[in-house]
Amino acid sequence: MNVSDKIDEIKDTLQSFPDSRMGLEYMIDLGRESQKTYPEEDRIEEHFIHGCTSRAWIKLDNKDPIKINTVSDSLMVSGILYLLEMVFNGESKSSIDNYSAQELIDGLGLQGTISSQRLNGFGEAIRMMKSE
């Protein structure tokens with residue numbers, strides 16, 4: 001499954017919920033998973049995502065293929081960042097070059113549901129992935 005297919009699959013999942021509250025609960029569940037798998041010792045400045053309303057971290061465990069690990073002190077932000085793991089882990093480093101934060105948010109069907117500050121943090125996480 002390529003990046004585009006993964007994005008479509010996540011969007012289909014999010015749109016399959018009968019109401020938006022269930023979609024938010026799904027994102028929070030993803031956030032709980034993220035918080036379980038991110039080591040406390042990796043919550044350091046080097047991995048800190050600046051520009052986000054919450055405290056958030058991204059660690060690039062492998063450059064190519066991509067292997068990232070993300071977390072935030074907010075379950076919702078952790079869930080949003082976990083989507084990056086779902087989409088890009090196992091993909092080539094060049095696969096992220098084709099996407100901006102806004103394109104990913106739109107592709108995932110999350111436009112209008114994420115505040116501009118959270119979008120800034122999401123964009124910074126993508127920039128950090130690209131620069132590694």
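What radius of gyration does the protein chain have, and what value would a compact globule with 132 residues have? The protein chain has 14 Å, and a compact globule of that many residues would come near 14 Å, so the two agree. Keep in mind as you look around that this is a predicted model. Here is a friendly tour, from the whole chain down to single residues.

**Overall layout**

- The protein chain contains five helices and two strands.
- If you walk along the sequence, you meet them in the pattern α-α-β-β-α-α-α.
- Taken along the principal axes, the box filled by the C-alpha atoms is roughly 40 × 30 × 25 Å.
- Now consider contacts with a separation of 6 or more: 61% of them join residues that are 24 or more positions apart.

**Surface and charge**

- Of the 132 residues in the protein chain, 43% count as buried.
- The exposed area of the protein chain is about 6800 Å², and carbon and sulfur atoms supply 47% of it.
- There are 14 positive and 23 negative side chains, and the centres of these two sets lie 3 Å apart.

**The nonpolar core**

- In soluble globular proteins, nonpolar side chains tend to be buried together.
- Here, the largest nonpolar core has 33 residues, and those with the most contacts inside it are L81, L84, F88, L104, F122 and M129.
- Two or more residues of this core come from each of helix 1 (3–15), helix 2 (20–37), strand 1 (56–62), helix 3 (75–88), helix 4 (101–107) and helix 5 (116–131).
- Helix 3 gives the most to this core, with eight residues.
- Try finding L81 in the structure: beyond its neighbours within four places in sequence, L81 is in contact with I49, A56, W57, T70, V71, F122 and A125.

**The two strands and the loop between them**

- I68 sits in strand 2, which covers residues 67–72.
- I68 has a relative accessible area of 0%, so it is buried.
- I58 is 10 residues away from I68 along the chain, and their C-alpha atoms are separated by 6.8 Å.
- Setting aside neighbours within four places in sequence, the contacts of I68 are I58, K59, L60, D61, L84, E85, N89 and M129.
- P65 belongs to the loop between strand 1 and strand 2.
- Most peptide bonds are trans.
- The peptide bond from D64 to P65, however, is cis, with omega near 5 degrees.

**A buried serine in helix 2**

- S34 has its place in helix 2.
- Is S34 buried or exposed? Its relative accessibility is 0%, so S34 counts as buried.
- Leaving out residues up to four places away in sequence, S34 touches T70, V71, S78, Y82 and E85.

**An isoleucine in a later loop**

- I114 is found in the loop between helix 4 and helix 5.
- Why does I114 count as buried? Its relative accessibility is 18%, and buried means under 20%.
- M76 is 38 residues from I114 along the chain, and 9.9 Å separates their C-alpha atoms.
- Apart from neighbours within four places in sequence, I114 is in contact with I80, I105 and L119.

Notes: Residues numbered from 1 in each chain as written. Predicted model: local features only at pLDDT ≥ 70, side-chain atom pairs only at ≥ 80, totals over all residues. Heavy atoms only, no water. Helix = DSSP H or I, 4+ residues; strand = E, 2+ residues; numbered from the N terminus. Rg over C-alpha atoms; globule rule 2.2 N^0.38 Å. Buried < 20%, exposed > 50% of the residue type's maximum accessible area, 1.4 Å probe, protein only. Contact = heavy atoms within 4.5 Å. Areas by Shrake-Rupley, 256 points an atom, 1.4 Å probe, with all protein chains shown as cover. Lys, Arg positive; Asp, Glu negative; His and termini not counted. Charge placed at Lys NZ, Arg CZ, Asp CG, Glu CD. Core = buried A, V, L, I, M, F, W, Y, C linked by side-chain atoms within 4.5 Å.
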